[in-house]
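Visitor: I would like a close look at one acidic side chain and the setting around it. Could you walk me through it slowly?

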Amino acid sequence: MMRGKITLRLSNCFWCRFVALWMFFFFLMVPFSSHAVVVRGKVTSIRGNVMELDLGIEKGIQLGDSGRVCYNILIQGKEKPIFIAKFKITLVSDKSSMAQVEEKTGEVKVGHLVEIFFKEGELELSSDPPGGKIYVNGKEKGETPSVVSNVRMGSHVIRIVKQGNEPYEERVRV
């Protein structure tokens, strides 16, 4: 997984916030490892080179994600995928998405399987004092110190809040 370490000192002091911000960016850029997540679904409709898929925000799909279309055949009793197209997500709703076919070697049909790959990482967050509530993109993820896993690669807003201290918020790239 891609991993960044963030150590913050929650304070009302401007200088302390500046030092915390510097440490935040310095440690966040330290890569460890990453892994890809595969989300599978199906083509539900197609018109020209535009497909509707049964995958949406609920499955972690985002605008700009790429994937491929395939169907399976049996070879010596084992299913083998035959990949016939590549696509990019152009519109996303909660339960479905629209995708533009970018390359194809065969005819894409309703019911064909789709795979979308994306990378996730994690953030190691701590604060002084400990016990600050962690929010990633507005969703509570626990309290410091903590490792927040399954953070999609890309830009995120990290916010740490602890009563009696000034909240800390920053946009970061994982």
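What is the relative accessible area of glutamate 169, and is the residue buried, partly exposed or exposed?

Guide: Happy to. Please keep in mind that this is a predicted model. Glutamate 169 has a relative accessible area of 41%. The residue counts as partly exposed because that label covers values between the 20% limit for buried and the 50% limit for exposed.

Now to its partner. Glutamate 169 makes a salt bridge with arginine 159, and their closest N and O atoms are 3.0 Å apart. Since glutamate 169 belongs to strand β12 (residues 168-173) and arginine 159 to strand β11 (residues 155-161), the pair ties together parts that are 10 residues apart in sequence. Arginine 159 is partly exposed as well, with 31% relative accessibility.

That pair is one of four salt bridges found in a search of the whole structure, and the others make good company for it. Side chains of opposite charge can pair when their charged atoms come close. Arginine 40 and glutamate 115 meet in this way, at 3.2 Å from N to O. This pair links distant parts of the chain: arginine 40 sits in strand β2 (residues 35-47) and glutamate 115 in strand β7, 75 residues apart. The two ends have unlike surroundings: arginine 40 is exposed, at 57% relative accessibility, whereas glutamate 115 is buried, at 9%.

A further salt bridge joins lysine 95 to glutamate 58, with 3.4 Å between the closest N and O atoms. Here both residues are in loops: lysine 95 in the one between β5 and β6, glutamate 58 in the one between β3 and β4, 37 residues apart. Lysine 95 and glutamate 58 are both exposed.

Let us step from β7 to its neighbour β4. Strand β4 (residues 66-75) pairs with β7 (residues 113-128) in the antiparallel sense, over four bridges. Within that pairing, cysteine 70 has leucine 113 of β7 as its bridge partner. β4 is also joined to strand β5 (residues 78-92), again antiparallel, by 10 bridges, and glycine 67 stands opposite phenylalanine 87 there. Two residues separate β4 and β5 in their hairpin, where glutamine 76 takes a positive phi near 50°. β4 also holds isoleucine 73, which is partly exposed at 31%. Together with Tyr71 and Ile75, Ile73 makes a nonpolar surface patch of about 230 Å².

Finally, the whole protein. There are one helix and 12 strands, and the helix comes second in the order, after one strand. Of the 174 residues, 32% count as buried. Among contacts with a separation of 6 or more, 59% are between residues 24 or more positions apart.

How far can you trust the picture? The mean pLDDT is 81, and 80% of the residues reach 70 or more. Confidence is highest in strand β3 (residues 50-53), at 97, and lowest in helix α1 (residues 14-28), at a mean of 45. Over residues 11-33 the pLDDT is below 50. Where pLDDT is low, the predicted coordinates should not be read in detail.

Definitions and conventions. Residues numbered from 1 in each chain as written. Heavy atoms only, no water. Patch = residues over 30% accessible without salt bridge, like charges linked within 9 Å, V, L, I, M, F, W, Y side chains within 5 Å. Areas by Shrake-Rupley, 256 points an atom, 1.4 Å probe, with all protein chains shown as cover. Salt bridge = Lys/Arg side-chain N within 4 Å of Asp/Glu carboxyl O. Buried < 20%, exposed > 50% of the residue type's maximum accessible area, 1.4 Å probe, protein only. Contact = heavy atoms within 4.5 Å. pLDDT = per-residue confidence, 0-100. Pairing = 2+ DSSP bridges.
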